[in-house]
Amino acid sequence: MKMNFIKIMSVCLFSVMITACKTAAPDPETLPKDIAERPADAESRKYDQAQLDILKSSIDAEIEKEKCTDPKEWAFAPIGAKACGGPYSYIAYPKKNETSILAKLENFKNRMIAHNKKYELVSDCMLPAEPVSVRCEAGKAVLVYP
């Protein structure tokens, strides 16, 4: 009888241990969300806008390193993206840094497009005037409009 009791208790204890060791699948609602799936709330928007501002500042800083002495050494390109489409402005840059700056401008544009979509922003649909050339004034590149 004592042996049967031990066997029964062993089976019961083993069953309890197996049941206790099983883990349930985590609830998807309690897991952290991927950054791309974060809600479009005010705090996220501030953060995303700050990232755009940092990127724009890095573009400006790279351009400002160069002194404009010969307008032939400078070019211009569209910058940013309006929610309605097209750039929001144009920017002058030194041709010698063209590869680096154009890559940053493309990244900035793509991030701005994503930002506009994520936060369902709207804009006027007016296209900015396109410059015709660049001139140098006091060491800075200035866009010339028609």
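**Close-up views of a predicted model**

**View 1. Residue A114 is partly exposed, with a relative accessibility of 44%.** The model shown here and in the following views is predicted. At 44%, A114 counts as partly exposed because its value falls between the limits of under 20% for buried and over 50% for exposed residues. A114 belongs to helix α3. The C-alpha atom of A114 lies 9.6 Å from that of A81, although the two residues are 33 residues apart along the chain.

**View 2. The rings of F76 and Y90 form an edge-to-face pair.** With ring centres required to lie within 6.5 Å of each other, the model contains 2 aromatic pairs. In the pair formed by F76 and Y90, the ring centres are 6.4 Å apart and the planes meet at 75 degrees, so the arrangement is classed as edge-to-face, for which an angle over 60 degrees is needed. This pair links distant parts of the chain, since F76 is in strand β1 (residues 74-79) and Y90 is in strand β2 (residues 89-94), with their positions 14 residues apart in the numbering. F76 is partly exposed, at a relative accessible area of 25%, whereas Y90 is buried, at 15%.

**View 3. Y88 and F108 form an edge-to-face aromatic pair.** Their ring centres are separated by 6.5 Å, and the angle between the ring planes is 70 degrees. Because Y88 lies in the loop between β1 and β2 while F108 lies in helix α3 (residues 98-118), the pair ties together parts of the chain that are 20 residues apart in sequence. Y88 is partly exposed, with a relative accessible area of 31%, whereas F108, with a relative accessible area of 2%, is buried.

**View 4. E62 of helix α2 makes a side-chain polar contact with S100.** Helix α2, which spans residues 42-64, contains E62, and this residue is buried because its relative accessible area of 11% is under the 20% limit. The polar contact joins the side chain of E62 to the side chain of S100 at 2.9 Å. When residues up to four places away in sequence are not counted, E62 touches N97, I101 and K104 as well as S100.

How values were computed:
Residues numbered from 1 in each chain as written. Predicted model: local features only at pLDDT ≥ 70, side-chain atom pairs only at ≥ 80, totals over all residues. Heavy atoms only, no water. Phe/Tyr/Trp six-rings, centres within 6.5 Å; stacked < 30°, edge-to-face > 60°. Helix = DSSP H or I, 4+ residues; strand = E, 2+ residues; numbered from the N terminus. Buried < 20%, exposed > 50% of the residue type's maximum accessible area, 1.4 Å probe, protein only. Polar contact = N/O pair within 3.5 Å; in protein donor to acceptor, adjacent residues only side chain to side chain. Contact = heavy atoms within 4.5 Å.
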